[in-house]
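Biologist: Could you walk me through one part of this model in detail? I would like a close look at the nonpolar core, with enough of the surroundings to place it.

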Amino acid sequence: MSYIKINQDKCKSCYLCMDVCPKKLIKKSEKIGKTGQNVAEFIDTNNECLGCSQCALVCPDIAITEVVKE
Ligand code: SF4
Ligand code: SF4
């Protein structure tokens, strides 16, 4: 089961990760981050994450701190 971890304290709410995820597993959370906007949240209820790292590679603030591919 692949997964990612997002450090929401680092997230600047640019949402690039949401656009790039082929499975659309990253959503806007309810939490407001450092730019005053909703931070990114990983939601994968059906275990669809590919562990492809595209989200982590596109994040300009290295807020996606871990990608585990299993
Ligand atoms: S590793 Fe790939 S599939 Fe998983 S959340 Fe990131 S972009 Fe989406
Ligand atoms: S790409 Fe990084 S900074 Fe931008 S919304 Fe996603 S986790 Fe946050």
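Modeller: Gladly! Let me start with the chain as a whole, keeping in mind that this is a predicted model. Residues 24 or more positions apart make up 61% of the chain's contacts with a separation of 6 or more. The chain holds 2 helices and 4 strands, arranged along the sequence as β-α-β-β-α-β. Its radius of gyration is 11 Å, and because a compact globule of 70 residues would come out near 11 Å, the two agree. Along the principal axes, the C-alpha atoms occupy a box of roughly 35 × 20 × 20 Å.

Now to the core itself. Of the 70 residues, 20% count as buried, and the largest nonpolar core has 14 residues. Ile-6, Cys-17, Ile-26, Ala-40, Cys-55 and Ile-64 have the most contacts inside this core. Strand 1 (3-6) and strand 3 (38-42) are the elements that give it two or more residues. In soluble globular proteins, nonpolar side chains tend to be buried together.

Ala-40 is a good place to zoom in. Setting aside neighbours within four places in sequence, Ala-40 is in contact with Ile-6, Cys-17 and Ile-26, among others. Its contacts also include Cys-11, Tyr-15 and Met-18, along with Lys-28 and Ser-29.

Cys-55 leads us on to the ligand. Besides being one of the core residues with the most contacts there, Cys-55 is among the closest residues to ligand 1, together with Cys-21, Cys-49, Cys-52 and Gln-54. In total, 15 residues surround ligand 1, and by class this shell has 11 nonpolar, 3 polar and 1 charged residues.

Methods: Residues numbered from 1 in each chain as written. Chains lettered and ligands numbered in written order. Predicted model: local features only at pLDDT ≥ 70, side-chain atom pairs only at ≥ 80, totals over all residues. Rg over C-alpha atoms; globule rule 2.2 N^0.38 Å. Buried ≥ 20, exposed ≤ 12 C-beta atoms within 10 Å, placed from the backbone. Contact = placed C-beta atoms within 7 Å. Near = placed C-beta within 6 Å. Nonpolar A, V, L, I, M, F, W, Y, C, P; charged D, E, K, R; others polar. Core = buried A, V, L, I, M, F, W, Y, C linked by C-beta atoms within 7 Å.
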